[in-house]
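The following exercises are to be worked with the sequence and the coordinates at hand. Each task is followed by a stepwise solution.

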Amino acid sequence: MSFSEFTFPVLLISTITVASAANFYQEFDITWGNDRSTILDNGNLLTLSLDESSGSGFQSKNKYLFGKIDMQLKLVPGNSAGTVTAYYLSSKGRAWDEIDYEFLGNLSGNPYTLPTNVFSHGKGNREQQFHLWFDPTVDFHTYSILWNPQHIVFSVDGTPIREFKNMESKGIPFPKNQAMRIYSSLWNADDWATSGGLVKTDWSKAPFTASYRNFNANACTVSSSGASSCSSTQANKNAWFSEELDSTSYRRLEWVRKNYMIYNYCTDIKRFPQGLPKECRMV
Ligand SMILES: *[C@@H]1O[C@H](CO)[C@@H](O)[C@H](O)[C@H]1NC(C)=O
């Protein structure tokens, strides 16, 4: 990038920076569950709840194509076994792209499981699962997705837990052409979520509630006509657009993988008897 580009009107840059701690009324639509999903505190807080008759969910008004997206979540406390809180980015259609966080509840005192996945062109099967180094039900914690042309990075409170690199040059599809919305939902999955479906949801503890706040997207938004808020030169000026992991981040990522990763598709030889997925053999 040349210096002359930097002297270009500051106005252009400001149009693509979404104000921090954006308002839930302005950024999201409640999509199901009626009043089980509520926006509170002048748009600063959103809660989802689940009872025996329904879960609930919301989605972003905007579609994004690349960005750095932060959300703070406080998960269902106590006996949350059987409940699933999903928080993800997804496009539409048969060859959709998706970047997933899921939070699987557990019996009181037992850890949540956090599965992650990346779909490109309709193909997923890239689960990595983690436990967390804190109780995610006591306070809000920040779950971030950095998505730029080089990689997708999942981070928790600023600590990277997973990096999915763009290895298109090796023939591995990478999400980069389809705009995605943010979706979140809280629902009952006691047929599989906790200990493979052995532990059922305890409805006497309902309603179950998860809370959201401090949504922040530094991102390129795409309108219904397909126009992006970022031209490529504008996007290039955003630090997140070219953000890489530094050596400290890689050390922290290794710390998480060593101590908190409980499943990695890349080591699941039984699941892939014909050979591990190609990207697993690249690292
Ligand atoms: C629940 O807790 C058990 C015991 O600590 C653990 O093995 C399991 O991974 C936890 N998560 C789920 C979703 O069952």
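**Exercise 1. The ligand site**

Determine which polar atoms of the protein face oxygen atoms of the ligand in this predicted model, and how much of the ligand surface the protein buries.

*Solution.*
Step 1. Begin with the backbone: a polar backbone atom of S195 is 3.4 Å from an oxygen atom of the ligand. Alone, the ligand would expose 360 Å², and 65% of this area is buried by the protein.
Step 2. Turn to the side chains. A polar side-chain atom of N106 lies 2.4 Å from a ligand oxygen atom, and an N or O atom in the side chain of H131 is 3.3 Å from an oxygen atom of the ligand.
Step 3. Apply the cut-off of 3.5 Å for a pair of N or O atoms. The distances of 2.4 Å for N106, 3.3 Å for H131 and 3.4 Å for S195 satisfy this criterion.
Step 4. List the surroundings. With a heavy-atom limit of 4 Å, the residues around the ligand are L104, G105, N106, N110, P111, T113, H131, A193, T194 and S195.
Step 5. Sort this shell by class: 3 residues are nonpolar, 7 are polar and none is charged.

**Exercise 2. The sheet of 8 strands**

State the strand order of the open sheet of 8 strands and identify its edges.

*Solution.*
Step 1. Follow the pairing across the sheet: the order is β1-β4-β13-β6-β7-β8-β9-β15, and the pairing is antiparallel.
Step 2. Find the strands with a single partner. These are β1 (28-32) and β15 (261-264), so each has one side without a neighbour in the sheet.
Step 3. Consider the turn between neighbouring strands, which averages 15° with direction ignored.
Step 4. Examine one pair in detail. Strand β6 (residues 83-90) is joined to strand β7 (residues 98-104) by 7 bridges in the antiparallel sense. Within this pair, V84 stands opposite L104 of β7; L104 is also one of the residues around the ligand.

**Exercise 3. The sheet of 7 strands**

Carry out the analysis for the open sheet of 7 strands.

*Solution.*
Step 1. The strand order is β2-β3-β14-β5-β10-β11-β12, with antiparallel pairing.
Step 2. Strands β2 (37-40) and β12 (159-165) pair on one side only and form the edges.
Step 3. From one strand to the next, the twist averages 20°.
Step 4. As a sample pair, take β5 (residues 63-74) and β14 (residues 208-222), which are antiparallel over 9 bridges. Here Q72 stands opposite R213 in β14.

**Exercise 4. Backbone exceptions**

Which peptide bond is cis, and which residues other than glycine have a positive phi?

*Solution.*
Step 1. Recall the expectation: most peptide bonds are trans, and most residues other than glycine have a negative phi.
Step 2. The bond from A206 to P207 is cis, with omega near 0°. P207 belongs to the loop between β13 (181-188) and β14.
Step 3. D41 has a phi near 50° and lies in the loop between β2 and β3 (45-50).
Step 4. N125 has a phi of about 55°; its place is the loop between β8 (114-119) and β9 (128-130).

**Exercise 5. Overall dimensions**

Test the radius of gyration of the protein chain against the value for a compact globule.

*Solution.*
Step 1. The chain contains 5 helices and 15 strands.
Step 2. For 283 residues, a compact globule would have a radius of gyration near 19 Å; the chain has 19 Å, and the two therefore agree.
Step 3. Along the principal axes, the C-alpha atoms fill a box of roughly 65 × 50 × 35 Å.

Notes: Residues numbered from 1 in each chain as written. Predicted model: local features only at pLDDT ≥ 70, side-chain atom pairs only at ≥ 80, totals over all residues. Heavy atoms only, no water. Pairing = 2+ DSSP bridges. Helix = DSSP H or I, 4+ residues; strand = E, 2+ residues; numbered from the N terminus. Axes fitted to C-alpha atoms, helices over the stretch in contact; angles between N-to-C directions. Polar contact = N/O pair within 3.5 Å; in protein donor to acceptor, adjacent residues only side chain to side chain. Areas by Shrake-Rupley, 256 points an atom, 1.4 Å probe, with all protein chains shown as cover. Nonpolar A, V, L, I, M, F, W, Y, C, P; charged D, E, K, R; others polar. Rg over C-alpha atoms; globule rule 2.2 N^0.38 Å.
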